[in-house]
Amino acid sequence: MAEQLLRTLKNENTDCTAYLFDKYTEEGFVPFHDGGVIASEAMHKGAPLVWICAAGIAVRLMAPFIKDKMTDSPVIVIDPAGRFVIPILSGHVGGANALARRLAKTLGATPVLTTASDSEDRFAVDSFAAERGCLIADREKAKEAAVKVLAGRDLLIFTDPESGAGLIPGRRPGWRAVTEAAAADVVISAKTLSTQALQLIPRRLVVGVGCRKGTPEEEIREAISGTLLANGYDARSICALASIDLKAEEPGIVQTAESLGVPFLTFPAATLSGVHGSVSSSDFVRQVTGVDNVCERSALTAADHLVIPKTIHGRVTVAAAMSDFQVLLFGGTTEGKNLTEFLEEKKIPTLVCTATPYGAQVLPQDMKYVRVLSGRLDGPQMKKLFTALHSRTVVDATHPYAVEVSANIAEAAKVTGVRLIRVTREETPVITGAAYFDSVRDAAEFLARTEGNILLTTGSKDLPVFAGKIRGKERLYARVLPHSAEAARKAGIPEDHILTGDGPFAMEENVKHIEETHARFLVTKDSGKAGGLPEKVRAAESTGCALLVIRRPKEPEGAVSESRCRKELCELLDT
């Protein structure tokens, strides 16, 4: 059972360690003697803990470390026969109930949910808040709300249309929507309110900050709190600070983010310049930073719409934007474009990340529910973005050969606990007559031992490998996207040997390029139908050009097709 659960959790990109009593040994399991040590460590980290044993054993081991339902680890017990999966601690806030359902599905077991709202299949305020990244402003009022639901009465819920957009409870009974905050039992809003209702504060306010060098933390904090207070926003709604990358090490901003307990996101000037929307402009700021506005553009880069415009407090400028993204999609591919259109059609707030401006340009323009962030993100930046946005799902629809990017996305999702869906491209049948290679380097080493012109269609990133292995740059011709021409020059490809264009290319265009370059070899990746591979195959056959194919890297377990991804998104987001 443990091995089966481990496989499932691994496929869902969940980091997990398995322990086995040291009386026994089994590969893949860490031996332990005192279960209390494991319980203590899990509670300290707030990590979910699953016991496969009698419930009494688990209860006695956990008892010394139980402190508070808001901070205790979610704890689950599975009976040794694998019939029942029972959450015994932190069912709602910690997510033990949701995890129990997932594990029970894997084992074909029955989830035994003893929390009252679940046993009666009714709405639970604390569970909803945990799932949607909301802060419960008053625990006593949360208890009163739960009592009302369990007494069979509906909670009256008001959702602020600006800061609570998309935060509609699920289909369980126990609540009704109202149009006035004064009539509500529960108010979902990031605003500072004077209300007798229970307030759930969505943590989705991205605060953009600019400051003079050396501005102290106290001054920056006062500027932020003063700006939010003047505009009626609760400071507890902040999910991230953002600025230009020139300020990445600015002590005052770094310390402010740490004291607020939120990530500090930074972006290069080129990324900030690509932000669409109305922002104020300053020639002085442009001269200093390379972009006309730092605080507004920084806030808008990681959020949906501006709610507080640029505000000046002495040496500090502050702006804020609201983030309500439910999905974070990494695209730049045909699959990414298709899923972007699908999410826009389904009216699901989404942030699409593309590595290049070209990836953003091919997407539909003026979308209402989808924003696009263009620019490369490294692993640490991804982790900060995942933490800040509280997105319920991350979709990796990057290119099959973008191995490093996919690894960074997977690691960021694992660390932050975000649900990850990896979209894989349709398999391509083996091409008769083609020569296959496991890597770009292998193909380059083979070509170095040949004669004749070579047409490279593998992308600009791989050109230095070919140029470094093959003597005589006059043999090399590179077909790249227009914005990658400079990268081809830097790789040593002669200027008149660089072909540019936006793919995928028709069979006739491929034939033309083969004939123009007098290519004896056409090198491509196994990019499938979406990448124009069939057209390259037919062109090679038509011209007698030898076709060299770089095999795809192995996809991780659990990768799904585009159509399956659509279905999973609908199930996860209840649409």
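Is H44 buried or exposed? In this predicted model, H44 is exposed, with a relative accessible area of 73%. That residue makes a handy starting point for a walk through the structure, beginning with the overall picture and then returning to the helix that holds it.

The protein contains 22 helices and 27 strands. Its radius of gyration is 27 Å, close to the 25 Å that the globule rule gives for 575 residues, so the protein is as compact as a globular protein of that length. Along the principal axes, the C-alpha atoms fill a box of roughly 80 × 65 × 40 Å. Of the 575 residues, 49% count as buried. Among contacts with a separation of 6 or more, 62% are made by residues 24 or more positions apart.

The helix that holds H44 is α2, which covers residues 35-45. Within α2, the buried residues are G35, G36, I38, A39, A42 and M43. Seen down the axis of the helix, these buried residues fall within an arc of 155°, so they line one face of α2. On the other side, H44 is joined by V37 and K45, which are exposed as well. The elements that cover the buried residues of α2 include the strands β1 (19-21), β2 (30-32), β3 (49-52) and β5 (84-89), together with the helix α3 (55-62).

Both ends of α2 have details worth a look. At the N-terminal end, D34 acts as a cap, with a side-chain oxygen 2.9 Å from the backbone nitrogen of G36. Just after the helix, G46 takes a positive phi of about 75°. As for H44 itself, its C-alpha atom is separated by 8.3 Å from that of S73, a residue 29 positions away along the chain.

Two of the strands that help to cover α2, β3 and β5, also belong to an open sheet. This sheet has 4 strands in the order β3-β4-β5-β6, with mixed pairing. Its edge strands are β3 and β6, each of which pairs on one side only. In general, the strands of a sheet pair through backbone hydrogen bonds, in either a parallel or an antiparallel sense. Here, β4 (residues 75-78) and β5 are antiparallel, and 4 bridges hold the pairing. One of the residues involved is I76, whose bridge partner in β5 is P87. The hairpin of β4 and β5 has 5 residues between the strands, and in this hairpin G82 takes a positive phi near 75°. On the way to the edge of the sheet, β5 and β6 (residues 110-111) run parallel and are joined by 2 bridges. In this pairing, V85 has P111 of β6 as its bridge partner.

V85 also provides a link to another helix, as one of the residues in contact with L107. L107 lies in helix α4, which is made up of the 12 residues 96-107. At 1.5 Å a residue, α4 should span 16 Å, and its end C-alpha atoms are indeed 16 Å apart, which agrees. Buried residues in α4 are A96, N97, L99, A100, L103, A104, T106 and L107. For L107, the relative accessibility is 16%, which places the residue under the 20% cut-off for buried. Leaving aside neighbours within four places in sequence, L107 is in contact with M1, Q4, L5, I78 and V85. M1 is 106 residues from L107 in sequence, yet the two are 7.3 Å apart in space, C-alpha to C-alpha. Just after α4, G108 takes a positive phi of about 70°.

A last stop lies further along the chain, at K525. This residue is part of strand β26, which covers residues 519-525. Whereas H44 is exposed, K525 is buried, with a relative accessible area of 14%. A polar atom of the K525 side chain lies 3.4 Å from the backbone oxygen of T458. T458 is also among the residues in contact with K525 once neighbours within four places in sequence are left aside, and the others are Y401, D462, L533, V549 and I550.

Note on methods:
Residues numbered from 1 in each chain as written. Heavy atoms only, no water. Expected span 1.5 Å × (residues − 1). Buried < 20%, exposed > 50% of the residue type's maximum accessible area, 1.4 Å probe, protein only. Arc of directions from axis to C-beta. Contact = heavy atoms within 4.5 Å. Polar contact = N/O pair within 3.5 Å; in protein donor to acceptor, adjacent residues only side chain to side chain. Pairing = 2+ DSSP bridges. Rg over C-alpha atoms; globule rule 2.2 N^0.38 Å.
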